[in-house]
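Work through the exercises below with the model open beside the text. Each task is followed by a solution in steps.

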Amino acid sequence: MTSTGSDIFIRCLREEGVDLIFGHPGGAVLFLYDAIHRHGFRHVLARHEQGAVHMADGYARASGRPGVALVTSGPALTNAITGIATAYSDSIPMVVFSGQVPLPAIGSDAFQEADNVGLTRPITKHNYLVKDVADLAPIVKEAFYIATTGRPGPVLVDIPKDVSNMPCEFDYPREVHLDHYQPRYEGHWGQIKKALSMLLRAERPLLYFGGGAILSGASAELRALVETLRIPTTYTLMGIGGIPGDHELSLGMLGMHGSYRANLATDECDVLLAVGARFDDRVTGKLDEFSPHSKKIHIDIDPTSIRKTVHVDIPIVGDVRNCLQKFLKVLEEKDLSRFHERMGPWKQQLEEWNRQEPIAYQQHPDEPIKPQFVIDKLFQATHGDAVVTTDVGQHQMWAAQYYHCQSPNNWVSSGGLGTMGFGLPSAVGAQCARPGEPVICIAGDGSLMMTIQELTTAVEENLPIKVALINNQYLGMVRQWQEIIYDDRKSAVDLSVAPDFVKLAEAFGALGLQASRVDEVDSVIEKAFAHPGPVLMDFRVSKTENCYPMVPAGSPSRKMLLRDPD
Amino acid sequence: MQHTISVWVRNEFGVLSRVVGMFSGRGYNIDSLSVAPTLDEEVSHMTLVTHGDDDTIEQITKQLHKLIDVITVKDHRDGEFVGRELALLTVEPPPEARAEVFRIAEIFRGKIVDVGQKSLTIEVTGKQDKIDAMTRLLEPLGLQSRVRTGPLAVARGSAR
Ligand SMILES: Cc1ncc(C[n+]2csc(CCOP(=O)(O)OP(=O)(O)O)c2C)c(N)n1
Ligand SMILES: [Mg+2]
């Protein structure tokens with residue numbers, strides 16, 4: 001029997017080493033789903049296409065391999081858009097397949113027709129409409145290549161229904177011919193030497209790294225560099241896990257909810273070494289007052305990230321891992337004792353700032369549970385070794401502050417787009433990528449309601465993910481801004497009308513647990529981890545707690561608010 | 001400042017919208033744009049005129065490079081390229097000014113490509129400022145419309 005487009009689809013996935021896809025069927029992908037059935041390909045059925053794409057995303061972040069999602073045409077693709085845009089913002093390698101109406105119907109406003117390529121053009125690294133079944137295999141090959149090389153990102157392949165049923169020989173290309181797409185991996189030796197000699201003359205150096213360090217698999221090199229230089233180090237939300245959060249040289253996260261010492265260090269440093277980070281506005285605060293005294297070195301594989309918003313003195317285009325290896329090589333021949341000595345006063349200053357304003361909270365046993373306390377307990381229970389996914393809001397920032405991730409690919413959080421509802425589906429994907437390892441979804445009560453349906457997927461797949469709902473009965477982060485910036489006019493942020501999350505979990509077939517008093521927290525966590533299936537822990541936390549430090553949008557990062565005004 | 005940029009792209013479906021979408025999505029302006037295939041049918045050439053400070057132009061060039069279908073980008077600096085534009089100007093001069101219109105067309109080495117009862121259409125090529133100058137002279141003489149291609153650019157002394 002000759003193969004058709006749908007067989008080719010499956011065989012291409014096999015060639016790429018894909019053993020699992022996340023998706024949701026529909027009319028335009030019926031042939032593809034038929035092939036999934038015939039070939040016995042592993043498929044996880046999401047209950048919403050946004051969920052399917054977030055699952056593929058969580059899978060990619062937790063495994064370092066590309067995630068794959070499959071959705072049908074029209075409304076399915078529009079549902080998937082939030083997921084694709086989320087992955088694009090965080091440079092996550094992913095290939096999304098969408099169904100399209102048959103070729104002759106394209107452009108006729110056919111049932112469930114949408115311009116999938118047009119809709120996703122600004123939120124994909126590249127995208128394709130397959131107009132000929134003979135192009136399918138080469139396009140899939142290119143799609144995976146583009147998604148996973150250079151600065152990674154999602155690629156969409158739109159397959160018209162008739163194309164998926166056309167007969168064609170299967171011939172998987174061995175190579176990709178994209179002469180003009182040549183991401184530069186090799187950091188320039190001259191620039192690297194120049195950068196190091198500038199760095200080693202510094203008195204107040206600071207290393208700041210981001211998601212690029214994780215994506216390039218550079219955490220071993222990063223840690224070696226940090227420890228060789230003994231350089232104070234801070235990281236972005238996307239960099240979490242690049243070095244252990246509680247490493248003695250870690251200052252914690254910087255930026256809008258970064259630590260006091262990290263933000264002041266950024267403000268005061270004289271040389272800033274930026275590694276796979278992009279000077280996002282949540283990091284820089286007011287741009288023209290960002291790190292005003294420093295010379296800046298910037299390593300990034302994407303030339304557009306360099307000098308996009310912040311002036312850089314020594315740009316180094318290249319793969320973070322490759323560049324850091326070269327840094328380490330050059331350092332082998334250097335005597336660093338003077339450099340280490342010179343940093344003495346700087347480190348004392350950093351210590352002093354930390355003493356003044358540490359990341360800390362106080363939990364009184366009779367008061368409402370503090371969200372920070374819950375996250376601290378989760379950290380202690382798992383020694384920082386769980387895969388942690390988050391939603392978006394205050395709980396996400398507390399998770400970043402208090403869950404000291406020990407390794408890369410263990411922090412799964414929507415940074416660039418800040419997508420509420422990311423936590424649960426990405427946890428499903430992460431658990432599929434890392435069976436047998438603890439996966440915690442730190443969720444917000446607002447966010448969770450956006451993708452709660454994926455609890456069904458977790459139950460169906462029997463994934464033992466532990467959802468820790470930080471239930472403050474508010475869209476807490478928005479409430480916080482309204483309190484601070486809008487004179488406490490709370491507008492449309494009250495979530496006190498909400499489902500009973502314990503019953504809801506049970507209705508989904510998961511285990512529901514609740515803690516509303518401090519002394520219940522430990523036992524809830526214990527029970528959750530003792531349970532072999534998915535669990536939702538409803539932590540009824542303080543409704544009024546706010547997340548500090550906070551750099552109000554548009555302020556320089558040294559001007560942090562540190563506590564609620566009296 | 002105005003910049004003329006040459007962009008060579010793979011002649012793929014949707015490539016124009018990728019280029020234009022990059023500009024609109026990032027808030028950059030396109031002053032003019034012309035596209036057509038090169039001798040190699042798989043490659044198209046775009047001449048793009050945009051404006052912005054040096055940092056903006058640097059970002060634009062890098063962002064263009066980043067598009068998968070873009071093969072090369074060349075930012076022409078002043079003087080290093082030949083830029084030519086084609087314009088069609090339609091004039092309805094009062095009878096007493098008809099001769100003057102012919103004279104202006106001749107001075108600018110224009111060609112009358114259409115003559116109607118009342119109107120004349122002149123084809124002219126040249127640098128942008130030549131077309132601007134001709135436009136100014138024809139305006140008081142009953143200029144009705146002008147269409148122009150925007151410049152095409154080619155680097156001096158180079159094959160590409
Ligand atoms: C899809 C989406 N809609 C709106 C927002 C804006 N937003 C950011 S944080 C937030 C509140 C989130 O509430 P919750 O999930 O309960 O988290 P909390 O801040 O209370 O911890 C909102 C509405 C967003 N980030 N994403
Ligand atoms: Mg909340």
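**Exercise 1. Locate A:Pro549 and describe the peptide bond that leads to it.**

Step 1. A:Pro549 lies in the segment that follows β18 (535–540) of chain A. Helices (H or I, at least four residues) and strands (E, at least two) are DSSP runs, numbered from the N terminus.
Step 2. The bond from A:Tyr548 to A:Pro549 is cis, and its omega is near -5°.

The conventions are these: the model is predicted, local features need pLDDT of at least 70, side-chain atom pairs count only at pLDDT 80 or more, and totals for chains, interfaces and linings use all residues. Residues are numbered from 1 along each chain as its sequence is written, chains are lettered from A and ligands numbered from 1 in the order in which they are written, and side-chain values use heavy atoms, with hydrogens and water left out.

**Exercise 2. Place A:Gln112 and A:Arg230, and state phi for each.**

Step 1. A:Gln112 sits in the loop between β4 (94–100) and α5 (116–120) of chain A. Its phi is positive, about 55°, although A:Gln112 is not a glycine.
Step 2. A:Arg230 belongs to the loop between α9 (219–229) and β8 (233–235) of chain A. Phi is near 55° here, a positive value in a residue other than glycine.
Step 3. Buried means under 20% relative accessible area, exposed over 50%, and partly exposed in between (1.4 Å probe, protein chains only). A:Gln112, at 27%, is therefore partly exposed. A:Arg230, at 44%, also counts as partly exposed.

**Exercise 3. Which residues coordinate the magnesium ion (ligand 2)?**

Step 1. Donors are N, O and S atoms within 2.8 Å of the metal (3.2 Å for Na, K and Ca); water is not among the atoms, so sites may look incomplete.
Step 2. The ion is coordinated by A:Asp445 (OD), A:Asn472 (OD1) and A:Tyr474 (O), at 2.0 to 2.1 Å.
Step 3. Along the chain, these donors have the spacing D-x26-N-x1-Y. The pair A:Asp445 and A:Tyr474 links distant parts of the chain, 29 residues apart: A:Asp445 is in helix α18 (residues 445–451), and A:Tyr474 is in the loop between β16 (466–471) and α20 (476–485), both of chain A.
Step 4. Both A:Asp445 and A:Tyr474 are buried.

**Exercise 4. Where is A:His404, and what does it touch?**

Step 1. A:His404 is in the loop between α16 (394–402) and β14 (411–412) of chain A.
Step 2. With a relative accessible area of 22%, A:His404 is partly exposed.
Step 3. Contact means heavy atoms within 4.5 Å. Leaving out residues up to four places away in sequence, A:His404 touches A:Gly245, A:Asp246, A:Phe379 and A:Gly384.
Step 4. A:Gly344 is 60 residues from A:His404 in sequence, and their C-alpha atoms are 26 Å apart.

**Exercise 5. Summarise chain B.**

Step 1. Chain B has four helices and nine strands, in the order β-α-β-β-α-β-β-α-β-β-α-β-β from the N terminus.
Step 2. Its C-alpha atoms fill a box of roughly 55 × 35 × 35 Å along the principal axes.
Step 3. Of the 160 residues in chain B, 44% are buried.
Step 4. Take the contacts in chain B between residues at least 6 apart in sequence: 71% of them join residues at least 24 apart.
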